[in-house]
Amino acid sequence: MDITPLMRPEQKIIQSYGAGFFRVSGEILKHAILISDETVAEWIGAANPLQVSEDILALKGNVDILLIGMGSNFPVLPPSKRTQFAQLGMTVDIMDTASACRTYNVLTAEGRRVAAALLPY
């Protein structure tokens, strides 16, 4: 029985990550990234990762879940910040970058409306 998830060719998948880089659908990126279904770009808001930046705001209406990968350490998201993201229609989860990469891939394979804002290690 083949259990390989059916993925569209244009879907962006995180293939690997390491010290200072991400490999997404064959492309090596050496900066913080914002990835969703068919797009990957430099995460402009990476300097203030718990703020609703312009690039996060642009996801409104297209994403139900936002994963924020904070490198190896991550803070608890204050309730006021959680409310800001909720007002955009997004559930936000803060985690280490490795967990965020894996979770993004699983949710994408399930067809969920997910994005990940990821800081490299």
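## Two nonpolar cores

The largest nonpolar core holds 20 residues, and those with the most contacts inside it are Trp43, Ile56, Leu59, Leu66 and Ile68. A nonpolar core here is a set of buried Ala, Val, Leu, Ile, Met, Phe, Trp, Tyr and Cys residues joined through side-chain atoms within 4.5 Å, and buried means under 20% relative accessible area with a 1.4 Å probe, protein chains only. Strands β6, β7 and β8 each supply at least two residues of this core. A second, separate core of 16 residues includes Ile14, Ile35, Ala100 and Tyr104.

This is a predicted model, where local features need pLDDT of at least 70, side-chain atom pairs count only at pLDDT 80 or more, and totals for chains, interfaces and linings use all residues. Residues are numbered from 1 along each chain as its sequence is written, and side-chain values use heavy atoms, with hydrogens and water left out.

## Helix α3

Let's turn to the helix. At 1.5 Å a residue, the 13 residues of α3 (97-109) should span 18 Å, which agrees with the 18 Å between its end C-alpha atoms; the expected span is 1.5 Å times one less than the number of residues. Helices (H or I, at least four residues) and strands (E, at least two) are DSSP runs, numbered from the N terminus.

Among the buried residues of α3 are Ala100, Cys101, Tyr104 and Leu107. The helix's buried residues pack against β1, β2, β4, β6, β7 and β8, with contact meaning heavy atoms within 4.5 Å. Gly111, which follows α3, has a positive phi near 85°.

Note on methods. Buried means under 20% relative accessible area, exposed over 50%, partly exposed in between (1.4 Å probe, protein chains only).
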